[in-house]
Amino acid sequence: MKLENLARIDLNLLVILQILLEEQSVTRAANRLHVSQSALSKSLNRLRETLGDPLFLRTAHGLKPTAHAVQLGKMLPQSLQGLYQLTLPPSFEPASSSRQFSFAMVESAYETLIPYFIGPLLTKAPNLKLDSYVWTENSTLAIQQGQIDFGISGRDLHPQSAFQVDRLPDGIAHQTLFTDEQVCLVRKGHPLLAAIAAGHWNQEIYLEMSHVQVRCEGNDWWALDYHLADLGHHRRISTTVPDFYGAASICAHSDLIFTLPASFAKHAQKLYPLAELSLPFDFMPLAYVLLWHQRNDDDPGHQWVKNIICQSVSAAFSSPSLKEFAKVRDS
């Protein structure tokens with residue numbers, strides 16, 4: 001590498017290229033960068049001259065990156081993250097810091113976890129800016145690329161689950177926050193409750209019922225469904241919705257049954273007249289996991305936020321569940 005060649009390149013152009021790759025629109029990119037479209041177009045021309053490639057082709061739907069631009073887009077986020085780290089101070093003072101941290105969380109974490117750590121974070125560091133986003137199938141990649149600082153995802157601890165510690169993408173680190181069990185909700189007054197009172201509640205009855213399901217990370221099936229399929233069984237899923245509260249509402253106004261984490265069931269019951277039932281068969285617990293990229297391990301600000309999250313959640317939930325997960329994880 002010839003370092004002297006870098007001196008000829010305006011590094012601001014790399015930031016502009018990343019924003020253009022994300023937005024694929026001069027108008028939207030200019031708005032994000034707080035510059036005029038004319039100024040951004042001039043910067044794009046400089047980029048084309050510097051890199052010797054058109055980079056983008058104009059289409060009816062915006063800018064389409066060339067093959068070279070797509071390749072650059074795979075390397076840019078980590079490179080820019082490294083440059084960003086160079087601008088950070090070597091220490092972190094919570095009381096005076098105005099740093100920004102971003103989170104991607106599964107929907108249930110907004111009710112079950114964030115209330116326990118948002119207060120301690122902002123009490124000790126009142127000037128922090130905390131941005132949160134819904135966890136999607138692309139969130140792990142966003143952590144890898146430095147677009148997201150932390151992820152909180154709920155994972156079924158089933159042997160065939162796609163989420164395994166030894167299968168995490170390169171550079172992704174994790175810490176288990178707590179474990180939870182799956183329970184069922186039905187509306188109060190549901191005919192099933194009388195049958196259960198009479199001692200009739202088993203896997204066969206569970207499978208005969210119609211279910212409402214939450215679509216997670218684009219998947220209609222949960223690990224529970226794969227577990228049942230291994231045994232030659234299938235749930236009758238009548239409707240699939242994108243969020244937990246939507247599923248709870250449907251459950252409260254129908255005879256559908258809703259299977260979900262026990263910690264979230266308590267919040268749903270505060271809003272809707274729902275009765276909680278245990279699963280009528282054994283199934284492995286659910287783990288809520290904090291994810292981050294290893295490149296941030298030496299960042300004192302990142303370490304501080306991570307420690308506050310882990311300590312706050314650990315204090316809020318019983319330690320036996322954490323010990324139980326450790327047994328499952330280490331076995």
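## Worked exercises on a predicted structure

**Exercise 1.** Decide whether tryptophan 221 counts as buried, partly exposed or exposed.

*Solution.* In this predicted model, the relative accessibility of tryptophan 221 is 33%. A residue is buried under 20% and exposed over 50%, with partly exposed in between, so tryptophan 221 counts as partly exposed. The step can be repeated for tyrosine 226, where a relative accessible area of 43% again gives a partly exposed residue.

**Exercise 2.** Find how many aromatic pairs the structure holds, and work out how the rings of phenylalanine 178 and phenylalanine 317 are arranged.

*Solution.* Begin with the total, which is 13 aromatic pairs. For phenylalanine 178 and phenylalanine 317, the ring centres lie 3.9 Å apart and the planes meet at 20°. Planes under 30 degrees apart count as stacked, so this pair is stacked. Next, place the two residues along the chain: phenylalanine 178 belongs to strand β6 (residues 172-180), whereas phenylalanine 317 sits in the loop between α14 (300-316) and α15 (319-330), so the pair ties together parts that are 139 residues apart in sequence. Finally, phenylalanine 178 has a relative accessibility of 2% and therefore counts as buried.

**Exercise 3.** Classify the aromatic pair formed by tryptophan 221 and tyrosine 226.

*Solution.* The distance from centre to centre is 5.1 Å, and the angle between the planes is 70°. Angles over 60 degrees count as edge-to-face, and the pair of tryptophan 221 and tyrosine 226 is accordingly edge-to-face. Elsewhere, one aromatic cluster is made up of Trp222, Phe244, Tyr245, Phe258 and Phe264.

**Exercise 4.** Describe the surroundings of serine 263, starting from its helix and ending with the residues it touches.

*Solution.* Serine 263 is part of helix α13, which covers residues 262-271. Its relative accessible area is 12%, so serine 263 is buried. The side chain of serine 263 is joined to that of aspartate 180 by a polar contact of 2.5 Å. Leaving aside residues up to four places away in sequence, serine 263 touches Thr112, Phe178, Asp180 and Tyr288, and among them is Phe178, the buried residue of the stacked pair above.

**Exercise 5.** Identify the residues that form a nonpolar patch with Leu83 on the surface.

*Solution.* Leucine 83 is found in helix α5 (residues 67-86), and its relative accessible area of 35% makes it partly exposed. Patches are made of residues with over 30% relative accessible area, and the partners of Leu83 in this one are Leu11 and Leu86, the three together having about 290 Å² of accessible area.

How values were computed:
Residues numbered from 1 in each chain as written. Predicted model: local features only at pLDDT ≥ 70, side-chain atom pairs only at ≥ 80, totals over all residues. Heavy atoms only, no water. Patch = residues over 30% accessible without salt bridge, like charges linked within 9 Å, V, L, I, M, F, W, Y side chains within 5 Å. Areas by Shrake-Rupley, 256 points an atom, 1.4 Å probe, with all protein chains shown as cover. Salt bridge = Lys/Arg side-chain N within 4 Å of Asp/Glu carboxyl O. Helix = DSSP H or I, 4+ residues; strand = E, 2+ residues; numbered from the N terminus. Buried < 20%, exposed > 50% of the residue type's maximum accessible area, 1.4 Å probe, protein only. Phe/Tyr/Trp six-rings, centres within 6.5 Å; stacked < 30°, edge-to-face > 60°. Polar contact = N/O pair within 3.5 Å; in protein donor to acceptor, adjacent residues only side chain to side chain. Contact = heavy atoms within 4.5 Å.
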